[in-house]
Amino acid sequence: MSSTGGAGGLPLRYWAVEAVFSTPANEPAVARKAIERRTDGMQSLLERYVVTRAELAARLDVPVAALAELIEQPRAASAVMIDGEDAVAADAASASRHALAASDVLTGAAWPEMTLRFWRPAAAGGEDLVPPSGSLDAVVLPKVSRPDEVRAAGKALAAVEARRGMSPNAIRVCLLVETARALAGLMPLVDAAGERLCAVMFGSADYAADLGLTAGTGEAQMAWAAGTIVNAAAAAGVPAIAPMTVDFPVGRPGETAAASRGHVLSALERVHRDALRAAESGMAGKLVGHPAQLFAVLLAFGRAGTPDVLEGLAADVEAYQVALADGRGVLARDGRMIDRATDRAARSVLRRAVANGRFDAGRAVHLGIVAAEDLLPKG
């Protein structure tokens, strides 16, 4: 049994969105660091705030070995989103200037091979829908609320692809859902994106503003919105991406490192907890805005994909294949029922794990979880 994609056959690499690093287009040096530095600076941050690995591991309730492994084997962000909307000035001249700056970063930065390249334009229907040059995997459409906006963006991208000699749908779209109107009519937006859709992202800050919520309020409404986005993304066969935790793990202005130590630890704990909740709710990834957030989020999503967990799921898949070959549609293994539905669930988790480098790709091909062509380098 092969499972090579979602409803639209989304390429495997678009499922590698555990951590999407958002970085402002008007600060190219910062953008390059987001792309090139990976989680390299985590040990330096711990030393600056006099935090031991054991202390941080205890605070996050993770094994010290898992934390140490990510420090000693730094990982890059799954995707980097160059932000030409919220993080920059909102006038037309600035939008064009930031699109040019994004081109420089797209073409000149040392991009890790597997990091997806996202661009967030000033508007879904603006002239700067794509930067003038540079390889691009997806455009993140901000504040879309009507299907005609999504269809118009798709037509514009098709024209760009034709001019540049690219294959159809080479540039995907991610819907950034951040208004009450968008949540109220989400499925028509998803349907309007069609096969070009690669993700549905939750912009919680703007959504909270629509509802008139202040920081820390509206938990039930936010959970409903997140669940609506997860369901719509699942219906389309694409990943859902959780919003950024806006409290960064950095020292406070005017404070010494010792004085800021508690804040940094609390902020790391908060973003890790938010990422765990996102993963548990069905989100495939989360927006981050700081290297230490990247570290905490990768650590959180890794907890759902430990080698023991993934090995257990692979064993379930293998056992179910044997049962099918014997003419059985259900079996019991270790006191648990395994049938078509549980097999689908296991394959979905393993497929994401392959995309994020957490499960052996060759074995996944052998089990029919991914197809060999899914593993070809992006081009």
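Lys286 lies in strand β8 of this predicted model. Its relative accessibility is 3%, and Lys286 therefore counts as buried, the cut-off for that class being under 20%. Along the chain, Lys286 stands 270 residues from Ala16, yet the C-alpha atoms of the two are separated by 11 Å.

Strand β8, residues 285-288, is joined to strand β1 by three bridges, and the two strands run parallel. Within this pairing, Val20 has Leu287 of β8 as its bridge partner. Strand β1 also pairs with strand β2, residues 79-83; here the sense is again parallel, and five bridges are formed. One of the contacts with β2 links Thr23 to Ile82 as bridge partners.

How is β1 itself placed with respect to the surface? The strand spans residues 19-24 and is mostly covered, six of its six residues being buried. Ala19, Phe21 and Thr23 point one way from β1, while Val20, Ser22 and Pro24 point the other way. The residues of both sets are buried.

Helix α1, residues 28-36, can be read by its two faces. Its buried residues are Ala31, Ala34 and Ile35. These cover an arc of only 95° around the axis, which means that they lie on the same side of α1. The underlying geometry is general: an α-helix has 3.6 residues a turn, so residues three or four places apart point the same way. On the face of α1 turned away from the buried side are the exposed residues Ala29 and Lys33. Just after the helix, Arg38 adopts a positive phi of about 55°.

The remaining topic is the empty space in the model. Rolling a probe the size of a water molecule over the atoms shows where such space is left. The largest pocket holds about 1,300 Å³ of space. It is lined by 41 residues, of which Ser204, Pro243, Met244, Thr245 and Asp274 are the closest to its centre. The elements that contribute two or more residues to this lining are β1, β2, α9 (204-211), α10 (219-236), α11 (257-281) and β8. Helix α11 supplies the largest share, six residues. Sorted by class, the lining of the largest pocket comprises 19 nonpolar, ten polar and twelve charged residues.

The strands described above thus return in the account of the pocket: β1, β2 and β8 are among the elements that give two or more residues to its lining.

Methods
Residues are numbered from 1 along each chain as its sequence is written. This is a predicted model: local features need pLDDT of at least 70, side-chain atom pairs count only at pLDDT 80 or more; totals for chains, interfaces and linings use all residues. Side-chain values use heavy atoms; hydrogens and water are left out. Buried means under 20% relative accessible area, exposed over 50%, partly exposed in between (1.4 Å probe, protein chains only). Helices (H or I, at least four residues) and strands (E, at least two) are DSSP runs, numbered from the N terminus. Two strands pair if DSSP finds at least two bridges between them. The arc is that of the directions from the helix axis to the C-beta atoms. On a 1 Å grid over the protein atoms alone, a cavity is a set of points where a 1.4 Å probe fits but cannot get out, and a pocket is an open set with protein on both sides within 12 Å along at least five of seven lines; lining residues have an atom within 4 Å of a point. Grid points are joined across faces, edges and corners, and a volume is the space filled by probe spheres set on the points. Ala, Val, Leu, Ile, Met, Phe, Trp, Tyr, Cys and Pro count as nonpolar, Asp, Glu, Lys and Arg as charged, and the others, Gly among them, as polar.
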